[in-house]
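Please open the structure in your viewer and keep the sequence panel visible beside it. This tour proposes one selection at a time and states what is found at each stop.

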Amino acid sequence: FARANEESQLKSDRVGGAWRKKKADAIPSKKPLTKRCPAWLRIAPNGIEYEEIEGRGDIVRRIFADSGRGPGSSAIVRQLNAEGKTSFGKEGEWQRSYITKLLQNDAVLGRFRPHSRPRGGKRVATGEIVEAYFPETVTPQLWQDARSGRVARRHRSAGRRGQKFKNLFTGLCRCGACNGSMELRDKGAPPKGG
(Lines give C-alpha, C1' and ligand atoms only; values in the text may rest on other atoms or scores of the structure.)
Protein backbone atom coordinates (compact mmCIF):
# COMPACT_ATOMS: atom_id res chain seq x y z
CA PHE A 1 0.00 0.00 0.00
CA ALA A 2 2.83 2.39 0.86
CA ARG A 3 4.54 1.72 -2.50
CA ALA A 4 1.28 2.30 -4.39
CA ASN A 5 0.76 5.55 -2.51
CA GLU A 6 4.32 6.69 -3.34
CA GLU A 7 3.78 5.89 -7.05
CA SER A 8 0.50 7.77 -7.05
CA GLN A 9 2.12 10.80 -5.37
CA LEU A 10 5.02 10.71 -7.86
CA LYS A 11 2.62 10.69 -10.83
CA SER A 12 0.61 13.49 -9.27
CA ASP A 13 3.75 15.59 -8.78
CA ARG A 14 4.86 15.02 -12.38
CA VAL A 15 1.47 15.90 -13.86
CA GLY A 16 1.18 18.92 -11.56
CA GLY A 17 4.66 20.07 -12.54
CA ALA A 18 3.88 19.71 -16.24
CA TRP A 19 0.66 21.67 -15.79
CA ARG A 20 2.45 24.44 -13.86
CA LYS A 21 5.05 24.70 -16.65
CA LYS A 22 2.33 24.84 -19.32
CA LYS A 23 0.55 27.58 -17.36
CA ALA A 24 3.80 29.52 -16.82
CA ASP A 25 4.55 29.39 -20.58
CA ALA A 26 1.02 30.19 -21.77
CA ILE A 27 -0.01 33.07 -19.51
CA PRO A 28 2.72 35.59 -20.42
CA SER A 29 2.25 34.91 -24.14
CA LYS A 30 -1.56 35.02 -23.66
CA LYS A 31 -1.99 31.79 -25.63
CA PRO A 32 -5.02 29.64 -24.78
CA LEU A 33 -4.16 27.38 -21.88
CA THR A 34 -7.04 24.95 -22.53
CA LYS A 35 -10.10 24.76 -24.75
CA ARG A 36 -12.19 25.75 -21.76
CA CYS A 37 -13.01 29.44 -21.77
CA PRO A 38 -15.94 31.78 -21.02
CA ALA A 39 -19.16 30.61 -22.69
CA TRP A 40 -19.32 33.55 -25.11
CA LEU A 41 -15.81 32.83 -26.47
CA ARG A 42 -14.03 30.06 -28.34
CA ILE A 43 -10.51 29.41 -29.58
CA ALA A 44 -10.00 31.05 -32.97
CA PRO A 45 -9.16 28.80 -35.96
CA ASN A 46 -5.51 29.89 -35.74
CA GLY A 47 -5.39 28.21 -32.28
CA ILE A 48 -3.44 31.01 -30.62
CA GLU A 49 -6.18 33.40 -29.50
CA TYR A 50 -9.81 33.62 -28.41
CA GLU A 51 -12.70 35.07 -30.39
CA GLU A 52 -16.35 35.84 -29.68
CA ILE A 53 -18.96 33.30 -30.73
CA GLU A 54 -21.28 35.03 -33.18
CA GLY A 55 -24.22 36.63 -31.39
CA ARG A 56 -23.11 35.71 -27.87
CA GLY A 57 -21.01 38.82 -27.33
CA ASP A 58 -24.04 40.92 -28.28
CA ILE A 59 -26.14 39.12 -25.67
CA VAL A 60 -23.47 39.69 -23.00
CA ARG A 61 -23.30 43.40 -23.84
CA ARG A 62 -27.10 43.61 -23.76
CA ILE A 63 -27.24 41.96 -20.31
CA PHE A 64 -24.74 44.49 -18.96
CA ALA A 65 -26.55 47.41 -20.60
CA ASP A 66 -29.92 46.25 -19.25
CA SER A 67 -28.49 45.80 -15.77
CA GLY A 68 -27.08 49.32 -15.86
CA ARG A 69 -30.45 50.78 -16.89
CA GLY A 70 -32.40 49.28 -14.02
CA PRO A 71 -33.81 45.76 -14.45
CA GLY A 72 -32.46 43.11 -12.11
CA SER A 73 -31.31 39.59 -12.97
CA SER A 74 -34.82 38.13 -12.72
CA ALA A 75 -36.29 40.70 -15.11
CA ILE A 76 -33.42 40.20 -17.57
CA VAL A 77 -33.99 36.42 -17.47
CA ARG A 78 -37.72 36.83 -18.12
CA GLN A 79 -37.03 39.12 -21.08
CA LEU A 80 -34.38 36.85 -22.67
CA ASN A 81 -36.56 33.76 -22.26
CA ALA A 82 -39.65 35.59 -23.60
CA GLU A 83 -37.67 36.58 -26.70
CA GLY A 84 -36.49 32.98 -27.16
CA LYS A 85 -32.79 33.85 -26.84
CA THR A 86 -30.82 30.64 -26.47
CA SER A 87 -28.83 30.39 -23.25
CA PHE A 88 -25.13 29.53 -23.23
CA GLY A 89 -25.69 26.46 -21.07
CA LYS A 90 -27.33 23.08 -21.54
CA GLU A 91 -30.56 24.10 -19.78
CA GLY A 92 -31.97 25.83 -22.87
CA GLU A 93 -33.43 28.68 -20.84
CA TRP A 94 -31.67 31.49 -19.06
CA GLN A 95 -31.33 31.21 -15.28
CA ARG A 96 -31.07 34.03 -12.76
CA SER A 97 -27.99 32.51 -11.15
CA TYR A 98 -26.11 32.53 -14.47
CA ILE A 99 -26.97 36.19 -15.15
CA THR A 100 -25.79 37.12 -11.64
CA LYS A 101 -22.49 35.24 -12.12
CA LEU A 102 -22.01 36.81 -15.54
CA LEU A 103 -22.48 40.31 -14.13
CA GLN A 104 -19.73 39.58 -11.58
CA ASN A 105 -17.32 37.92 -14.05
CA ASP A 106 -14.47 40.24 -15.01
CA ALA A 107 -13.49 37.96 -17.91
CA VAL A 108 -15.85 40.20 -19.93
CA LEU A 109 -13.18 42.89 -19.47
CA GLY A 110 -10.55 40.50 -20.88
CA ARG A 111 -9.12 39.48 -17.51
CA PHE A 112 -7.99 35.96 -16.67
CA ARG A 113 -7.81 34.75 -13.07
CA PRO A 114 -5.69 31.59 -12.74
CA HIS A 115 -7.20 29.01 -10.39
CA SER A 116 -6.16 25.67 -8.99
CA ARG A 117 -8.15 22.97 -7.29
CA PRO A 118 -6.41 21.41 -4.31
CA ARG A 119 -7.21 17.73 -3.84
CA GLY A 120 -10.88 17.38 -3.05
CA GLY A 121 -11.30 21.11 -2.59
CA LYS A 122 -12.94 24.07 -4.26
CA ARG A 123 -11.27 26.20 -6.92
CA VAL A 124 -8.88 28.69 -5.40
CA ALA A 125 -7.47 31.78 -7.15
CA THR A 126 -3.71 31.46 -7.65
CA GLY A 127 -1.32 33.93 -9.20
CA GLU A 128 -1.83 37.39 -10.59
CA ILE A 129 -4.74 38.58 -12.75
CA VAL A 130 -3.72 38.65 -16.41
CA GLU A 131 -5.07 41.69 -18.26
CA ALA A 132 -6.09 41.45 -21.95
CA TYR A 133 -5.93 37.64 -21.92
CA PHE A 134 -9.41 37.37 -23.47
CA PRO A 135 -10.93 39.79 -25.97
CA GLU A 136 -12.73 42.66 -24.23
CA THR A 137 -16.46 41.95 -24.61
CA VAL A 138 -17.72 44.75 -22.38
CA THR A 139 -16.18 48.21 -22.02
CA PRO A 140 -15.04 49.31 -18.56
CA GLN A 141 -17.77 52.00 -18.63
CA LEU A 142 -20.51 49.44 -19.35
CA TRP A 143 -19.09 47.19 -16.58
CA GLN A 144 -19.19 50.11 -14.13
CA ASP A 145 -22.71 51.14 -15.18
CA ALA A 146 -23.98 47.59 -14.58
CA ARG A 147 -22.21 47.45 -11.23
CA SER A 148 -23.71 50.81 -10.20
CA GLY A 149 -27.15 49.59 -11.27
CA ARG A 150 -26.81 46.48 -9.11
CA VAL A 151 -25.72 48.52 -6.09
CA ALA A 152 -28.61 50.97 -6.57
CA ARG A 153 -31.14 48.10 -6.79
CA ARG A 154 -29.71 46.52 -3.66
CA HIS A 155 -30.28 49.73 -1.69
CA ARG A 156 -33.62 50.49 -3.34
CA SER A 157 -35.35 47.14 -2.84
CA ALA A 158 -36.58 46.48 0.64
CA GLY A 159 -37.95 43.01 0.19
CA ARG A 160 -38.96 40.23 -2.09
CA ARG A 161 -41.91 40.79 -4.36
CA GLY A 162 -43.74 38.27 -6.47
CA GLN A 163 -47.02 36.72 -7.44
CA LYS A 164 -46.98 34.23 -4.57
CA PHE A 165 -45.24 36.31 -1.93
CA LYS A 166 -46.06 39.77 -0.61
CA ASN A 167 -43.71 41.44 1.84
CA LEU A 168 -45.68 43.66 4.20
CA PHE A 169 -42.51 45.37 5.42
CA THR A 170 -41.28 46.54 2.00
CA GLY A 171 -39.60 49.90 2.46
CA LEU A 172 -40.20 50.01 6.22
CA CYS A 173 -37.40 48.01 7.87
CA ARG A 174 -33.87 49.50 7.88
CA CYS A 175 -30.62 48.40 9.49
CA GLY A 176 -29.82 50.40 12.61
CA ALA A 177 -26.08 50.40 11.88
CA CYS A 178 -25.83 51.22 8.16
CA ASN A 179 -29.40 52.33 7.30
CA GLY A 180 -29.49 49.71 4.53
CA SER A 181 -32.83 48.21 3.60
CA MET A 182 -33.67 44.78 4.99
CA GLU A 183 -34.43 42.03 2.50
CA LEU A 184 -35.45 38.39 2.36
CA ARG A 185 -32.81 35.97 1.08
CA ASP A 186 -34.05 32.44 0.52
CA LYS A 187 -31.08 30.06 0.46
CA GLY A 188 -33.19 27.01 -0.38
CA ALA A 189 -34.42 24.14 1.73
CA PRO A 190 -32.50 22.89 4.79
CA PRO A 191 -30.02 21.39 5.58
CA LYS A 192 -27.86 23.46 3.16
CA GLY A 193 -30.25 26.38 2.82
CA GLY A 194 -32.64 28.04 5.14
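The tour begins with the whole chain and then moves to single helices and residues.

**The whole chain**

Before selecting anything, note that this is a predicted model. Colour the protein chain by secondary structure: five helices and four strands appear. Followed from the N terminus, these elements run in the order α-β-β-α-α-α-β-β-α. The chain has 194 residues, and 28% of them count as buried. Now switch on the surface, which comes to about 13800 Å² of accessible area. Carbon and sulfur atoms account for 52% of that surface. Among contacts in the chain with a separation of 6 or more, 49% are made by residues 24 or more positions apart.

**The largest nonpolar core**

Hide the surface and select Trp40, Val60, Ile63, Phe64, Trp94, Ile99 and Val108. In the largest nonpolar core, which has 28 residues, these seven touch the most other members. Which helices each supply at least two residues of this core? They are helix H2 (56-69), helix H3 (73-82), H4 and helix H5 (140-156). The largest share, five residues, comes from H2.

Keep Ile63 selected and display its surroundings. Apart from neighbours within four places in sequence, Ile63 is in contact with Ile76, Leu80, Trp94, Ile99, Leu102 and Leu103.

**Helix H3**

Select residues 73-82, which form H3. Within H3, Ser73, Ile76, Val77 and Leu80 are buried. These four residues cover an arc of only 100° around the axis, and therefore they sit on the same side of H3. The spacing of such residues has a general background: an α-helix has 3.6 residues a turn, so residues three or four places apart point the same way.

What covers the buried residues of H3? The cover includes H2 and H4. Rotate the view to the face turned away from the buried side, where the exposed residues Arg78 and Ala82 are carried.

Next, select Asn81, which also lies in H3. Its relative accessible area is 24%, so Asn81 counts as partly exposed. If neighbours within four places in sequence are left aside, Asn81 is in contact with Glu93 and Trp94. Add Gly92 to the selection: Asn81 and Gly92 are eleven residues apart in sequence, and their C-alpha atoms are 9.2 Å apart in space. Then move to Gly84, which follows H3 and has a positive phi, near 75°.

**Helix H4 and its crossing with H3**

Select residues 96-104 for H4, in which Ile99, Thr100, Leu102 and Leu103 are buried. Seen down the axis of H4, these buried residues fall within an arc of 160°, so they line one face of the helix.

Now show H3 and H4 together. Two packed helices are described by the angle between their axes and the distance between the axes. Here the axes of H3 and H4 come within 9 Å and cross at roughly 115°. The crossing is right-handed. Which residues meet where H3 and H4 pack? From H3 come Ser73, Ser74, Ile76, Val77 and Leu80, and from H4 come Arg96, Ile99, Thr100 and Leu103.

**Helix H2: Gly57**

Select Gly57, which lies in H2. Is Gly57 buried or exposed? Its relative accessibility is 0%, so Gly57 counts as buried. Beyond its neighbours within four places in sequence, Gly57 is in contact with Glu52 and Thr137. Val108 is 51 residues away from Gly57 along the chain, yet the C-alpha atoms of the two are separated by 9.1 Å.

**Helix H5: Leu142**

Select Leu142 in H5. Not counting residues up to four places away in sequence, Leu142 touches Arg61, Phe64 and Ala65. Add Asp66 to the view: Leu142 and Asp66 are 76 residues apart in sequence and 9.9 Å apart in space, C-alpha to C-alpha.

**The last stop: Ala132**

Finally, select Ala132, which is placed in the loop between strand S4 (124-125) and H5. With 52% relative accessibility, Ala132 counts as exposed. Most residues other than glycine have a negative phi. The phi of Ala132, however, is near 55°, a positive value in a residue other than glycine.

Key:
Residues are numbered from 1 along each chain as its sequence is written. This is a predicted model: local features need pLDDT of at least 70, side-chain atom pairs count only at pLDDT 80 or more; totals for chains, interfaces and linings use all residues. Side-chain values use heavy atoms; hydrogens and water are left out. Buried means under 20% relative accessible area, exposed over 50%, partly exposed in between (1.4 Å probe, protein chains only). Contact means heavy atoms within 4.5 Å. Accessible areas come from the Shrake-Rupley method with a 1.4 Å probe; for residues, only the protein chains shown count as cover. The arc is that of the directions from the helix axis to the C-beta atoms. A nonpolar core is a set of buried Ala, Val, Leu, Ile, Met, Phe, Trp, Tyr and Cys residues joined through side-chain atoms within 4.5 Å. Axes are lines fitted to C-alpha atoms, for helices over the stretch in contact, and angles run from 0 to 180 degrees between N-to-C directions. A crossing is left-handed if the near helix is turned anticlockwise from the far one by less than a right angle, and right-handed if clockwise.
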